[in-house]
Amino acid sequence: QVQLVESGGGFVQAGGSLRLSCAASGRTFSSYIMGWFRQAPGKEREFLATISRNGLRTYYVDSVKGRFTMSRDNAKNTVYLQMNRLKPEDTALYYCASKLYDGNLYYREEYDYWGQGTQVTVSS
């Protein structure tokens with residue numbers, strides 16, 4: 001099993017920045033594809049970004065491309081989401097997730113393990 005713990009959320013004004021961290025425990029962290037999702041009240045959980053096992057490939061949805069950067073440090077069993085130029089519509093509970101197998105990387109049903117989430121609130 002894999003355990004994931006997110007941190008780094010908080011309250012920030014529009015235009016500000018936050019860096020989220022997701023610390024993983026379990027066997028062979030480097031074997032897992034990692035993803036970031038978010039869920040705002042009344043909305044479905046939304047895919048944001050994914051990163052390959054070795055960190056060489058990333059993919060972002062258009063709404064965050066150019067503002068958010070995903071990275072991982074396999075030596076520290078940690079994945080990050082750097083969020084810049086935040087907007088009020090970025091307000092949500094942010095989750096990290098992991099998956100072992102290749103396939104559809106962009107939908108929550110494909111991920112095997114989830115953290116508890118960290119809240120990001122962006123004011124205007």
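**Exercise 1. Find the residue that stands opposite Arg-38, then describe the pairing of S4 with S5.**

Solution.
Step 1. Arg-38 faces Glu-46, a residue of S5, across the strand pair. The model is predicted.
Step 2. Strand S4 covers residues 33-39. S4 and S5 run antiparallel, and five bridges join them.
Step 3. Look at the connection. S4 and S5 make a hairpin, with six residues between them. In the turn, Gly-42 has a positive phi of about 80 degrees.

**Exercise 2. Trace how S5 pairs with S6.**

Solution.
Step 1. Strand S6 spans residues 58-60. Three bridges tie S6 to S5, and the two run antiparallel.
Step 2. Pick out a facing pair. Ala-49 stands opposite Tyr-60 in S6.
Step 3. Check the hairpin of S5 and S6. Six residues lie between the strands. Here Gly-55 takes a positive phi near 80 degrees.

**Exercise 3. Decide why strand S5 is described as largely enclosed.**

Solution.
Step 1. S5 holds six residues, 46-51.
Step 2. Apply the cut-off: buried means under 20% relative accessible area.
Step 3. Five of the six residues are buried, so S5 is largely enclosed by the rest of the structure.

**Exercise 4. Classify Thr-50 as buried or exposed, and list what surrounds it.**

Solution.
Step 1. Thr-50 belongs to strand S5.
Step 2. Its relative accessibility is 3%, so Thr-50 counts as buried.
Step 3. Follow the side chain. The Thr-50 side chain reaches the backbone oxygen of Met-34 at 2.9 Å.
Step 4. Collect the contacts, not counting residues up to four places away in sequence. Thr-50 touches Ile-33, Met-34, Gly-35, Arg-57, Thr-58, Tyr-59, Met-70, Leu-105, Tyr-106 and Tyr-111.

**Exercise 5. Place Ser-52 and work out its polar partners.**

Solution.
Step 1. Ser-52 sits in the loop between S5 and S6.
Step 2. At 18% relative accessibility, Ser-52 counts as buried, because the cut-off is under 20%.
Step 3. The Ser-52 side chain makes a polar contact with the side chain of Asn-54 at 3.0 Å. The Ser-52 side chain also reaches the backbone nitrogen of Leu-56, at 3.2 Å.
Step 4. Leave aside neighbours within four places in sequence. Ser-52 is then in contact with Arg-57 and Arg-72.

**Exercise 6. Identify the residues that make the nonpolar surface patch.**

Solution.
Step 1. Tyr-59, Tyr-106 and Tyr-107 make the patch, which is about 320 Å².
Step 2. Locate Tyr-107. Tyr-107 lies in the loop between strand S9 (92-99) and strand S10 (113-114).
Step 3. Link back to Thr-50. Tyr-59 and Tyr-106 are among the residues that Thr-50 touches.

How values were computed. Residues numbered from 1 in each chain as written. Predicted model: local features only at pLDDT ≥ 70, side-chain atom pairs only at ≥ 80, totals over all residues. Heavy atoms only, no water. Buried < 20%, exposed > 50% of the residue type's maximum accessible area, 1.4 Å probe, protein only. Helix = DSSP H or I, 4+ residues; strand = E, 2+ residues; numbered from the N terminus. Pairing = 2+ DSSP bridges. Patch = residues over 30% accessible without salt bridge, like charges linked within 9 Å, V, L, I, M, F, W, Y side chains within 5 Å. Areas by Shrake-Rupley, 256 points an atom, 1.4 Å probe, with all protein chains shown as cover. Salt bridge = Lys/Arg side-chain N within 4 Å of Asp/Glu carboxyl O. Polar contact = N/O pair within 3.5 Å; in protein donor to acceptor, adjacent residues only side chain to side chain. Contact = heavy atoms within 4.5 Å.
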